[in-house]
Amino acid sequence: MAYEVKVHLKPSGLKGISENQIAQHWKLYEGYVANTNGLLAELEALRKEGKGASPLYADRRRRFGFEYNGMVLHEYYFGNLKAGVAEPAGTSALKTALAAQFGSFDAWKDDFAKTGASRSIGWAILYLDPAAGVLANHFVQLHEEGNVAGFVPILVMDVWEHAYMVDQTATGRPDYIKAFAENINWDAVSQRYDDASAGKIPARF
Ligand SMILES: [Fe+2]
């Protein structure tokens, strides 16, 4: 089985994040899909050759998490970007839960932005721990260091430089984070939360 590029997730018409920025970022996502498929095939071939205990196999195994998470997190990321979607109503389940856990919705937003401003390449992710019903902001380094097993990504923000270097300079992350906040597909994000809270696996694409 091979993974496919989920073309319907490609955003357009965003405010403050240009079409060229998205186009170049999308090419990187396509690379993660290709590399995930390539690694799947390479690992299978090595096993068939009886090389499952080789240093090469171990090296490719370690690379697997980078490419796989790179593919998956970009699908969450592009899937939660859309222009012109209003913030959830104050009575919505997600907004109510965020306000209860962070003091206010704005306090959560501020912490999510600060999470994304962490001095590292990686991702800011609002997770739901479906077992405990807890929402929490996490920072994931690279693509694979910091993902929490069993937690469900509700909102995913890429803060690698490649996510904003076309539009901004290397010091432009704060402006990018502001632009990201203006283009959140709250309908998709709320649906992820509602599904995960109800014990369903949210659709990633
Ligand atoms: Fe990215």
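## The iron site, its strands and two pockets

In this predicted model, four donor atoms surround the iron ion at angles of 89 to 136 degrees, which makes the arrangement irregular. The cut-off matters here: four donors count as tetrahedral if all angles lie between 85 and 135 degrees, and the range around this iron ion runs up to 136 degrees. For comparison, the ideal angle for four tetrahedral donors is 109.5 degrees.

Which residues hold the metal? The protein donors of the iron ion are three histidines, H25, H74 and H162, each through NE2, together with D158 through OD. These donors lie 1.8 to 2.1 Å from the iron ion. If you would like to find them in the sequence, look for the spacing H-x48-H-x83-D-x3-H. Helix α2 carries H74 and strand β3 carries D158, so this pair ties together parts that are 84 residues apart in sequence. Are H74 and D158 buried or exposed? Both residues are buried.

### The strands around D158

From D158 it is a natural step to the strand that holds it. Strand β3 is mostly covered, with seven of its seven residues buried. Its partner is β1, residues 122-129, which runs antiparallel to β3 and is joined to it by six bridges. β1 is likewise largely enclosed by the rest of the structure, because eight of its eight residues are buried.

β1 also pairs with β2, residues 134-141, in the antiparallel sense, here over eight bridges. L128 is a handy residue for following both pairings: its bridge partner in β3 is V152, and in β2 it stands opposite L135. The hairpin of β1 and β2 has four residues between the strands, and in it G133 takes a positive phi near 70 degrees.

### Two pockets

Now for the open spaces. Rolling a probe the size of a water molecule over the atoms shows where empty space is left. The table sets out the two pockets by volume and by the residues nearest the centre.

| Pocket | Volume | Residues nearest the centre |
|---|---|---|
| Largest pocket | about 470 Å³ | A113, P174, I177, K178 and A181 |
| Second largest pocket | about 250 Å³ | L9, G79, N185, A188 and R192 |

The largest pocket is lined by 20 residues. Two or more of them come from each of α4 (105-116), β3 (152-158) and α5 (173-181), so β3, the strand that holds D158, also appears in this lining. Which element gives the largest share? That is α5, with six residues. By character, the lining of the largest pocket divides into 13 nonpolar residues, one polar and six charged.

The second largest pocket is also lined by 20 residues. Here α2 (55-79) and α6 (186-197) each supply at least two residues; α2 is the helix in which the iron donor H74 lies. The largest share of this second lining, four residues, comes from α6. Its residues divide into ten nonpolar, five polar and five charged.

Note on methods. Residues are numbered from 1 along each chain as its sequence is written. This is a predicted model: local features need pLDDT of at least 70, side-chain atom pairs count only at pLDDT 80 or more; totals for chains, interfaces and linings use all residues. Side-chain values use heavy atoms; hydrogens and water are left out. On a 1 Å grid over the protein atoms alone, a cavity is a set of points where a 1.4 Å probe fits but cannot get out, and a pocket is an open set with protein on both sides within 12 Å along at least five of seven lines; lining residues have an atom within 4 Å of a point. Grid points are joined across faces, edges and corners, and a volume is the space filled by probe spheres set on the points. Ala, Val, Leu, Ile, Met, Phe, Trp, Tyr, Cys and Pro count as nonpolar, Asp, Glu, Lys and Arg as charged, and the others, Gly among them, as polar. Donors are N, O and S atoms within 2.8 Å of the metal (3.2 Å for Na, K and Ca); water is not among the atoms, so sites may look incomplete. Four donors count as tetrahedral if all angles lie between 85 and 135 degrees; four count as square planar and six as octahedral if opposite donors are over 155 degrees apart and all others between 65 and 115; anything else is irregular. Buried means under 20% relative accessible area, exposed over 50%, partly exposed in between (1.4 Å probe, protein chains only). Two strands pair if DSSP finds at least two bridges between them.
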